[in-house]
Amino acid sequence: MELFMDLLSAPCRAVYIFAKKNNIPFDFQFVDLLKGQHLSDAFAQVNPLKKVPAMKDGDLILTESVAILLYLAQKYKVSDNWYPQDLQARARVDECLAWQHTALRRSCLRALWHKVMLPIFLREQIAPEMLAATLAELDMTVQLFEDKFLQNKAFLAGNHISLADLVAITELMHPVGAGCQVFEGRPKLAAWSQRVKAAVGEELFREAHEVILNVKDCPPANLTLKQKMMPKVLAMIH
């Protein structure tokens, strides 16, 4: 099985951590996002959507991270806590996974690009009022995540880590990489993040997030790459 990934991507980090934690064998096919390799004709043969992660398992190709996670969880019969058999617990996981795509992911991605990637990587200055609005949106989304989904639970689906927790923590590390202190002043959220890291394993968590935590050191794109990437970036963070 091949996994096409770049750990700069939050969904890639979720898939990577899940596979590693559950001893799922895979070949890591690195697709360098900062060199635009995901936009190449060669990668389009794997994923016409030109996004990572993508998975190739024999004749099966999957191009959405949640679909990949669910496939791996069921194919490799991982511990039940990841995607519970209990109907209500599974529904909680499904609810979080469905919500995060258009809410948590959007806010975290916009914060990273507006605060770091556009000004540093693409040399595009962001108006202060736009950055302020983006960070205010992030704050509201994180608060909603805590109030609606986490509440007073140890993990999002109960007493044990699930796919929902893994997807959420990898998204939240995007703004952390951009220098946003999303866990400050939120003791419940901070405690949850520590439980998730402990459940995953501190070393694996650090390994998966090394790229995003050093993202501010990325070299700027050249003009050709910038022109190629800008339309995709603007569509992604609109």
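Is Thr 141 buried or exposed? I started with this residue in the predicted model. Thr 141 has a relative accessibility of 10%, so I noted it as buried.

**Entry: Thr 141**

I placed Thr 141 in helix α6, which covers residues 128–150. I then listed its contacts, leaving aside neighbours within four places in sequence. Thr 141 touches Trp 99, Ala 103, Leu 104 and Ser 107.

**Entry: the sheet**

I went to the strands next. I found an open sheet of 4 strands, in the order β2-β1-β3-β4, and its pairing is mixed. At the edges I have β2, residues 27–30, and β4, residues 60–62. Each of these has a single partner strand, so one of its sides has no neighbour in the sheet. I looked up the turn between neighbouring strands: it is 20 degrees on average, with direction ignored.

I checked one pairing by itself. Strand β3, residues 54–57, runs antiparallel to β4, and 3 bridges join the two. Across this pair, Met 55 of the model stands opposite Leu 62 in β4.

Which helix packs on the sheet with contacts to β1 and β2? I found α1, residues 10–21, whose direction makes about 145 degrees with that of β1. I also followed α3, residues 65–75, which lies across β1, β3 and β4. Helix α3 runs at about 35 degrees to β3.

**Entry: cis peptide and positive phi**

I searched the backbone for unusual angles. The peptide bond from Val 52 to Pro 53 is cis, and its omega is near 5 degrees. Pro 53 sits in the loop between α2 (41–44) and β3.

I noted two residues other than glycine with positive phi. One is Asn 23, with phi near 55 degrees, in the loop between α1 and β2. Asn 23 has a relative accessible area of 70%, so I put it down as exposed. The other is Lys 77, with phi of about 45 degrees, in the loop between α3 and α4 (87–100). Its relative accessible area is 71%, so Lys 77 is exposed.

**Entry: helices α7 and α8**

I compared the length of α7 with expectation. Its 15 residues, 163–177, should span 21 Å at 1.5 Å a residue, and the end C-alpha atoms are 21 Å apart, so the two agree. I count α7 as mostly covered, since 14 of its 15 residues are buried. Just after α7, Gly 179 has a positive phi of about 95 degrees.

I repeated the check on α8, residues 187–200. Its 14 residues should span 20 Å, and the end C-alpha atoms are 20 Å apart, so this helix agrees as well.

Which residues of α8 are buried? I listed Leu 189, Trp 192, Ser 193, Val 196, Lys 197 and Val 200. They cover an arc of only 135 degrees around the axis, so they are on the same side of α8. What covers these buried residues includes α1, α6, α7 and α9 (202–213). On the face turned away from the buried side I found the exposed residues Pro 187 and Ala 198. Just after α8, Gly 201 takes a positive phi of about 110 degrees.

**Entry: Lys 115**

I located Lys 115 in helix α5, residues 104–121. Its relative accessible area is 32%, so I recorded Lys 115 as partly exposed. Leaving aside neighbours within four places in sequence, its contacts are Arg 110, Leu 131, Leu 135, Ala 178, Gly 179 and Cys 180. I took one of these further: Gly 179 is 64 residues away along the chain, and its C-alpha atom is 8.3 Å from that of Lys 115.

**Entry: cysteines**

How many disulfides does the structure hold? I found 0. Cys 180, which I had met as a contact of Lys 115, is in no disulfide, and the nearest cysteine sulfur, in Cys 108, is 8.9 Å away. Cys 180 is buried, with a relative accessible area of 10%.

Why is Cys 218 not bonded to Cys 180? The closest cysteine sulfur to that of Cys 218 is in Cys 180, and at 15 Å it is too far for a bond. I checked the exposure of Cys 218 too: its relative accessibility is 10%, and it counts as buried.

Notes:
Residues numbered from 1 in each chain as written. Predicted model: local features only at pLDDT ≥ 70, side-chain atom pairs only at ≥ 80, totals over all residues. Heavy atoms only, no water. Disulfide = S-S within 2.5 Å. Buried < 20%, exposed > 50% of the residue type's maximum accessible area, 1.4 Å probe, protein only. Pairing = 2+ DSSP bridges. Axes fitted to C-alpha atoms, helices over the stretch in contact; angles between N-to-C directions. Contact = heavy atoms within 4.5 Å. Expected span 1.5 Å × (residues − 1). Arc of directions from axis to C-beta.
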